[in-house]
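Thank you all for coming; I would like to walk through one structure slowly this morning, stopping at a few places along the chain and then at the spaces inside it. Please have the sequence and the model open beside you as I speak.

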Amino acid sequence: MATDHEWDDMLFSGTAVHYERGRLPYAPGLADALAGALNLDGRGRLIDVGCGPGTLALPLAHLFGETVGVDPDSGMIAEAARKAAGRGLSAKVRWVRARAEELPAGLGTFTVATFGQSFHWMDRDAVAATVKEMLRPGGALVHISDLKTETRSVEAPAHPVVPRSAVEELVRDYLGPVRRAGRGLLPHGTPGGEAAVFTRSGFSGPRRLVVPGGQALERTLDDVVAEVFSMSFSAPHLFGARRDDFEAHLRRVLREASPAERFSERQPSTEVFIWWRDPDGRPPRPTS
Ligand SMILES: C[S@@+](CC[C@H](N)C(=O)[O-])C[C@H]1O[C@@H](n2cnc3c(N)ncnc32)[C@H](O)[C@@H]1O
């Protein structure tokens, strides 16, 4: 698929190694919820587009006969492959370094396509149209993200909350007032309104599921530092020669908020939108 959309190869550069420690996982019931809603039985094929370090592809792999993770960032693909090997999943999961805009890339057809907090970085109409063609009859596209409308704080926390405003202010002090993204700036953030895109592309739906989070989590200062460096807008390379100064400063800010270097946070709920390839929205029937 040829498009004018440009992918900035610095967007997530250097963030992958900070994901495992820094990013909170999706809600623990996500795989079971998807298995039920999509009628998954260990057969069929999953393509996870913008797979990052395998955040979704790895915990969903047991629901399919084969899984393909696609991401253009070499660090993400390397981290995903490392984690798959560690979990004994190398034979079942394949990683392809490519932009979503380069699909179908000879990858064949799929029962389910997932996008975990990745679709907003893509040439959305073109990618939705291509992925629809890659789905088998009865197949589904699944859009997955943290539920943004709930608070991250817990009741009666054992430790202070992460001082997010102070961290954001510190990032602005170092990187400027406008959100950074790869080699450029992102003054208006990433686009929303993906429902209109999927509808325009001819998908039917959506069915919305919220997989509940809510569990109290304890996070260390190192976890929070990793979270900051896992974000595209505070990726390590953006700080250039001031990276170590920034990290030292960040640690001071976090230690001021919690001298014990522990923070309490709520496991986010996960919001899922299922879009069907076909108008009658039948759950996919795995065939291989
Ligand atoms: C926020 S991360 C999400 C990773 C993972 N899916 C998750 O749920 O945690 C976004 C991912 O989208 C990838 N990405 C950005 N633009 C892309 C594109 N045009 N095609 C495919 N992947 C892309 C990035 O490299 C990054 O790994």
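Let me begin with Asn39, which sits in the loop that runs between α2 and β1, the latter covering residues 45-49. Before going further I should say that what we are looking at is a predicted model, and everything that follows should be heard with that in mind. The phi angle of Asn39 is near 60°, which is a positive value in a residue that is not glycine. Is Asn39 buried, exposed or partly exposed? Its relative accessibility is 45%, and because anything between 20% and 50% falls in the middle class, Asn39 counts as partly exposed.

There is another residue of this kind in the loop between β3 and β4, namely Ala105, whose phi is positive at about 50° although Ala105 is not a glycine. Ala105 is partly exposed, with a relative accessible area of 44%. That loop, between β3 (93-97) and β4, also holds Pro104, and the peptide bond that joins Leu103 and Pro104 is cis, with omega at about 15°. A cis peptide bond also leads from Gly205 to Pro206, where omega is near 5°, and Pro206 belongs to strand β8, residues 204-211.

Now let us turn to the ligand. Which residues come nearest to it? Of the 21 residues around the ligand, those are Tyr26, Gly50, Asp71, Ala100 and Gly116. Sorted by class, this shell contains 10 nonpolar, six polar and five charged residues. If you look for polar contacts, a polar side-chain atom of Asp71 lies 2.6 Å from an oxygen atom of the ligand, while a backbone N or O atom of Gly116 is 2.8 Å from a nitrogen atom of the ligand. The side chain of Trp7 also takes part, with an N or O atom that lies 3.2 Å from a ligand nitrogen. Taken alone, the ligand exposes 600 Å², and the protein buries 98% of that.

From the ligand we can move on to empty space. Rolling a probe the size of a water molecule over the atoms shows where such space is left. How many cavities of 30 Å³ or more does a search of the whole structure find? The search finds one, and the volume of the largest cavity is about 30 Å³. Its lining is made up of Leu34, Leu38, Leu40, Leu46, Leu60, Leu63, Phe64, Val112 and Thr114, which by class means eight nonpolar residues, one polar residue and no charged ones. Helix α2 (30-38) and strand β4 (110-116) each supply at least two residues of that lining.

The second largest pocket holds about 220 Å³ of space. Of the 14 residues that line this pocket, Glu6, Leu11, Trp121, Ala181 and Leu186 lie nearest its centre, and the classes in the lining are seven nonpolar, five polar and two charged.

I will finish with Gln267, which is found in the loop between β10 (262-266) and β11 (270-276). Gln267 has a relative accessibility of 4%, and therefore counts as buried, since the limit for that class is under 20%. What lies 2.9 Å from a polar atom of its side chain? Here the partner is the backbone oxygen of Pro25.

How values were computed. Residues are numbered from 1 along each chain as its sequence is written. This is a predicted model: local features need pLDDT of at least 70, side-chain atom pairs count only at pLDDT 80 or more; totals for chains, interfaces and linings use all residues. Side-chain values use heavy atoms; hydrogens and water are left out. A residue is near a molecule or strand if one of its heavy atoms lies within 4 Å of it. A polar contact is a pair of N or O atoms within 3.5 Å; within protein, one must be able to donate a hydrogen and the other to accept it, and residues adjacent in sequence count only if both atoms are side-chain atoms. Accessible areas come from the Shrake-Rupley method with a 1.4 Å probe; for residues, only the protein chains shown count as cover. Ala, Val, Leu, Ile, Met, Phe, Trp, Tyr, Cys and Pro count as nonpolar, Asp, Glu, Lys and Arg as charged, and the others, Gly among them, as polar. On a 1 Å grid over the protein atoms alone, a cavity is a set of points where a 1.4 Å probe fits but cannot get out, and a pocket is an open set with protein on both sides within 12 Å along at least five of seven lines; lining residues have an atom within 4 Å of a point. Grid points are joined across faces, edges and corners, and a volume is the space filled by probe spheres set on the points. Helices (H or I, at least four residues) and strands (E, at least two) are DSSP runs, numbered from the N terminus. Buried means under 20% relative accessible area, exposed over 50%, partly exposed in between (1.4 Å probe, protein chains only).
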